[in-house]
Amino acid sequence: MYNALFQPLRIGPKLLKNRLFAASHGVGFGYRDPDAMLAIRKMKAEGGWAAVATEQTEIHPTSDLSPYSGLRAWDADDLPVISAVSKAIQGGGAPSAIELCHSGLNVSNLGTREVPIGPTALPTQQYLPAIPEPFYAREMSLADIEAFRQWHIAATKLSIKAGYDIVLVFAMGTLSLLHQFLNPRLNRRRDKYGGSLENRARLLIEVLDDTRAVLGKSAALGVRLSVADLLGDPKGPPEALYQLLNGKADFWDLSFFRGGVLASGSGRSDFDGDAYLHSLEAAREVFETPLTTTRFFDTPDAMNAAVKSGLIDFVTVARQSISDPFFPQKLAAGELEAIRPCIKCNICVSGDLSYVPVSCTQNPAFGEEWRRGWHPEIPKISKRRKRVMVIGAGSAGLEASLRLSERGHKVTLLEQNKTVGGRVNFIAQLPGLDRWHQVVDYRLKRLLCQSEVALKTDQLVTLDWVINQAQGYDHIALATGAKWRLDVVDRTTTRPLATDGSLPIYPPTKAINLSSGKTLIFDLEHYQIASQLALLRQAAGDLVTLATPCAEIAPWTHKTMEQQSVQAKLLRAGIQIVPHVNLSRLTRGEAELRCVFTDRAKRASYDRVILVGLRQPSNMKYALEKTRSLNGQWTAIGEADVPGTVGQSVRSGFKFALEFEEAVATEVKRTRPLVGKTQRE
Ligand code: SF4
């Protein structure tokens, strides 16, 4: 069915067994915690990917990505770690690819304190969400450029010594010095490396020639190249660049991120379709070696169609290889329902941008392969078979039921609503978030295949009923979720909301089907609910004002690389955004918003208020806590334990099921640092 994806492909001296390439991406462990990182790469290799790439690998201390933790190939001290990664990938059954990178203007070298360098003297642009930096890069002299070429050669030699099959030269977006030289906005030089396209491409071509000379036939040479900033460049459109570069590499991974920034290429469900394919046509006309593009493909059908069309030779994906490292294996076996689809939530990206290990909403085992010994596919069969009642079929309850049954337990899953899904049913109704429902769909399909799970919906669950039923079970997992609070209490805003009842207050879940009116939405969640509700309500005919104590709406979405697109959508929709205010009073049909700095108040009349406030566990948890007869016989999971993201609920269900009836909780291993020694000693 997916024949195009399972044809072998030659790239230079290497043969790929299929057309599914696991792209380079950060995982947050990097050189600081390499055991956890290389276990991730190994598992992908075991999952059947044609090749597995490392994250960005810094080639020199002048390209220090701190506080991010990627890989390093500065010198021989880094050899043990990068060798171990290569061996792990190859041990898993796939060729290993290393991505060599110098980030030029994109790094401030906060860790090494080296002077940043770039094609032109400009402020550095390290991607720290919403925090511009007062640091500059020095314009590289010709001696600097020569030194850079030597660093790249040295890192390439190190990669060969480490055993890599594929070396990727990174020229993608503003993240890369090589792209910065290509980009006329960032390269204002007047020497032989600036001005015309030929001059701006000179350094990339020199580096490719240098790399080829080192690699010979020992490894394939690939280039990750962003050309978006050249679209419309009168001095050199991408077609002219393709002519200059043709023949210089064994394959090309082209990206078309707008503005050359990663954020524009890693959007959520509302990403702009398949328009990118047309941009590849010009490249296909010129390049004689294989071509790919790193992007999100909605379905395996879309991947297959892209390769079958001949426009690209293989697909390069990151997020689908995180949500399901065994995607190729399952696809090859036709086990489509076993594939955990990526929902484009970018929670993985939020880990990277928080400088911590990356987690995944759909794959709770991601990042835990080595440090906790978790496996996303192979259940640890329980020695004793138990009967477990799971109350609540939201993301935590579904995940717990699935994993408990895989371990051999007998599960009764109860849901008081007519449909399963819990809060995901609400989230998936918001604009651009429909893909979130796959969290439920995937688990439900899998559960219905399990003979040891009895699912009952529309089941009224009261405290008395639970106490009566409990004797038939060994344990109860309480997954009844959380509810929205209707006050404005959070960590910073503790003043109670004064209200005379003249303005109705709605929680988000009751706000979807209201008749139209003048609506104030006040946001204390700072993630995605308020902004997406605002778009939904404005489209339904409301006149929406969106107020927040913060400087901009949905500030946490900087972590998921969505804030700019979210705010742009709100402004384009005509939604009024009021920053830096607290909601203090609702009286006489008016809402009072107070400035968080000056405490000055402004009042305006509305038809209603939608409060996107805090969440708190459902009442059942507090009722059970008071019930001594069930002591030790129940566990709260997901939001019934503590409110959080959907990914945290899935993880909670997974962890509960894995640790159920085990004597000790899974330990968290760490790579021990070498004290007083270098890696070479
Ligand atoms: Fe996909 Fe979300 Fe998992 Fe990232 S966290 S891989 S976007 S499901």
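Begin with the salt bridges: in this predicted model the count comes to 45 salt bridges. To look at one of them, select K418 and D458, whose side chains meet in a salt bridge with an N to O distance of 3.9 Å. Since a nitrogen within 4 Å of a carboxyl oxygen is what the rule asks for, this pair is counted. Colour the chain by secondary structure and the pair can be seen to link distant parts of the chain, with K418 in the loop between strand 15 (410-414) and helix 14 (423-427) and D458 in the loop between strand 16 (453-456) and helix 16 (463-469), 40 residues apart.

Next, colour the chain by domain. The domain assignment gives domain 1 as 3-352, domain 2 as 387-484 together with 617-659, and domain 3 as 498-613. If you place a marker at the C-alpha centre of domain 1 and another at that of domain 2, 40 Å separate the two. Where these two domains touch, 14 residues from domain 1 and 12 residues from domain 2 take part in the contact.

Stay at this boundary and show its surface. The size of an interface is often given as the accessible area lost when the parts come together. Between domain 1 and domain 2 the buried area is about 1,100 Å², and carbon and sulfur atoms give 61% of this. One salt bridge is counted between domain 1 and domain 2; select R435 and D298 to see a salt bridge between side chains, at 2.4 Å from N to O. On the side of domain 1 that touches domain 2, the residues fall by class into seven nonpolar, one polar and six charged. The count of residue pairs in polar contact between domain 1 and domain 2, both at pLDDT 80 or more, is two.

Now move to the sheets, and select strands 19, 24, 25 and 26. These four strands form an open sheet in the order 19-24-25-26, with mixed pairing. Strand 19 (498-499) and strand 26 (601-605) stand at the edges with a single partner strand each, so one side of each has no neighbour in the sheet. Strand 19 runs parallel to strand 24 (residues 581-587), and two bridges join them; for a close view, select T499, which stands opposite L586 in strand 24.

A second selection takes in strands 20, 27, 21, 22 and 23, which in that order form an open sheet of five strands with parallel pairing. Its edge strands are strand 20 (505-506) and strand 23 (576-578), each of which pairs on one side only. Strand 20 pairs with strand 27 (residues 608-612) in the parallel sense over two bridges, and here I505 has V609 in strand 27 as its bridge partner.

Two stops on backbone geometry remain. Most residues other than glycine have a negative phi, and most peptide bonds are trans. Select S66 and P67, which are joined by a cis peptide bond with omega of about 10°; P67 lies in the loop between strand 4 (51-58) and strand 5 (71-72). Finally, select K344, a residue other than glycine whose phi is positive, near 60°, and follow the backbone to either side, where the loop that holds K344 runs between helix 11 (327-332) and helix 12 (347-352).

Methods:
Residues numbered from 1 in each chain as written. Predicted model: local features only at pLDDT ≥ 70, side-chain atom pairs only at ≥ 80, totals over all residues. Heavy atoms only, no water. Domains from an automatic or database assignment. Contact = heavy atoms within 4.5 Å. Buried area = accessible area lost by both parts, 1.4 Å probe. Polar contact = N/O pair within 3.5 Å; in protein donor to acceptor, adjacent residues only side chain to side chain. Nonpolar A, V, L, I, M, F, W, Y, C, P; charged D, E, K, R; others polar. Pairing = 2+ DSSP bridges.
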